[in-house]
Amino acid sequence: MLRVLCGLMLVLSVSAAEAAVRIKDIASLKGVRENQIVGYGLVIGLKGTGDTLRNAPFTEQSLQSMLDNMGINIRGTQLRTRNVAAVMVTADLPPFAAGGSRIDVAISSMGDASSLLGGTLVLTQLRGADGETYAVAQGAIAVGGYNIEGAAQTVSQGVATAGRIPNGALIEREVKGNFSEMRSLTLELKNPDYATATRIIDAVNAHGRGRYQADIAFERDYRTILLQRPRNAPPVRFIAEIEELLIEPDTPARVVVDERTGTVVIGRNVQISTVAVTHGNLSVRITEAPIVSQPNPFARRGETVVVPQTFIEANENGAKVAILRGTDLQRLVRGLNQIGLKPQGIIAILQAIKAAGALQAELVIQ
């Protein structure tokens, strides 16, 4: 029996009742999304773990510019500080974020700093793709790793050159939206599928006929669904009711194989036509046992040499023949377990079954 398969192969097999999910988990409202913002700044207060100014000239230039803005002229002075590091600051601006609210920011080092532990980000402007400033970030950095260096040894854990500032950015510019004025809304499926889109439309229309006495969902294509909001329905409450409806999404028959880690993921709808499968395991063991050859004690000529000696042993274990018929996922997994293979053998068999045309599913190899 293949016991290790339970830990390395994820089997998706659930009943229809357990497969029901909310619409909000498989679809999103078009136009209601986050926006990415980014900025360049300086982290100060590091304990000798910052950028080497000779190797990171942009850090020195940024430090000089910052001090110039504060009325301190250090032009022409050679700086030797190691307590400053140049960083990139990134964040996601939530939809309909109001001015004055706070968001988290991520900090990543740009130079040769060894750690940002204990550092503080100086006021940094965060801009969007349009070049406008939407937020400003500042505060102490929380770093999840550490890096300690000595004369002959280095101890590190995690990544010490990246961190976060919870609620570290203050939103200064709002992203305007007209959500309350939109009469027609659009749902976009995260995993587009014709059957899933149809089931969403049926569930939404059943809800609309019971609450608003009208059909409110219409298909555009297999990815998008149009929603007509009734005039007496508040937009926020209307979307909240739609997103809480339960449906069973349809999933394609697909087998995903990761040969690097030996992971196999088999979808619930995967089937295999009846085939007979055998798999032999060939193991080869190579042992190196060099010997030392020395001349006789009283020999006038000769030298000590190392003579290589190699032993090769090949062994092929007996293979079992099993009949696989994948009328359902449980029977398919049971048949694979009967052969008694390791994950790499399972991967090889699935590829061979696909080549034989018996795997009624898409095989994705990562």
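**Exercise 1. Describe the salt-bridge network that contains R22.**

R22, D25 and E244 are linked in a network of salt bridges, a salt bridge being a side-chain nitrogen of Lys or Arg within 4 Å of a carboxyl oxygen of Asp or Glu. The model is a predicted one, in which local features need pLDDT of at least 70, side-chain atom pairs count only at pLDDT 80 or more, and totals for chains, interfaces and linings use all residues. Residues are numbered from 1 along each chain as its sequence is written, and side-chain values use heavy atoms, with hydrogens and water left out.

Step 1. Take the pair E244 and R22: their side chains meet in a salt bridge with an N to O distance of 3.6 Å. This pair links distant parts of the chain, 222 residues apart, with E244 in the loop between helix 6 (235-243) and strand 16 (246-247) and R22 in strand 2 (residues 21-22). Helices (H or I, at least four residues) and strands (E, at least two) are DSSP runs, numbered from the N terminus.

Step 2. Assign the exposure classes: buried is under 20% relative accessible area, exposed is over 50%, and partly exposed is in between (1.4 Å probe, protein chains only). E244 has a relative accessible area of 43%, so E244 is partly exposed. R22 has 31%, so R22 is partly exposed.

**Exercise 2. Characterise the pairs D215–R209 and E362–R254.**

Step 1. State the principle: side chains of opposite charge can pair when their charged atoms come close.

Step 2. The side chains of D215 and R209 form a salt bridge with N to O at 2.6 Å. D215 is partly exposed because its relative accessible area is 39%, and R209 is partly exposed because its value is 46%.

Step 3. In the pair of E362 and R254, the closest N and O atoms are 3.2 Å apart. E362 in strand 27 (residues 362-365) and R254 in strand 17 are 108 residues apart, and the pair links distant parts of the chain. The relative accessibility of E362 is 40%, so E362 counts as partly exposed; R254, at 35%, also counts as partly exposed.

Step 4. For the whole structure, a search finds 8 salt bridges.

**Exercise 3. Determine whether D258 is buried or exposed, and list its surroundings.**

Step 1. Locate the residue: D258 lies in strand 17 (residues 254-258).

Step 2. Classify it: D258 counts as buried because its relative accessibility is 13%.

Step 3. Find its polar partner: a polar atom of the D258 side chain lies 3.1 Å from the backbone nitrogen of R260.

Step 4. List its contacts (heavy atoms within 4.5 Å): not counting residues up to four places away in sequence, D258 touches T263, I347 and Q366.

**Exercise 4. Test the length of helix 8 and of helix 4 against the expected span.**

Step 1. The expected span of a helix is 1.5 Å times one less than its number of residues.

Step 2. Helix 8 (residues 343-355) has 13 residues and should therefore span 18 Å; its end C-alpha atoms are 19 Å apart, which agrees. Its buried residues are P343, G345, I346, I347, I349, L350 and I353. Just after helix 8, G357 has a positive phi of about 80 degrees.

Step 3. Helix 4 (residues 57-69) also has 13 residues, so 18 Å is expected, and the 19 Å between its end C-alpha atoms agrees. Buried in helix 4 are T59, S62, L63, Q64, M66 and L67. Their cover includes strand 4 (35-44), strand 5 (85-93) and strand 7. G71 follows helix 4 with a positive phi, near 85 degrees.

**Exercise 5. Which residues touch Y134?**

Step 1. Y134 is in strand 8 (residues 133-140), and its relative accessible area of 14% is why Y134 is buried.

Step 2. Apart from neighbours within four places in sequence, Y134 is in contact with I37, L93, L126, G128, L170, I171, E172, R173 and V175.

Step 3. As a distance check, the C-alpha atoms of Y134 and A169 are separated by 9.7 Å, with the two residues 35 apart along the chain.

**Exercise 6. Summarise the chain as a whole.**

Step 1. The chain has 8 helices and 27 strands.

Step 2. Of its 366 residues, 35% count as buried.

Step 3. Among contacts between residues at least 6 apart in sequence, 70% join residues at least 24 apart.
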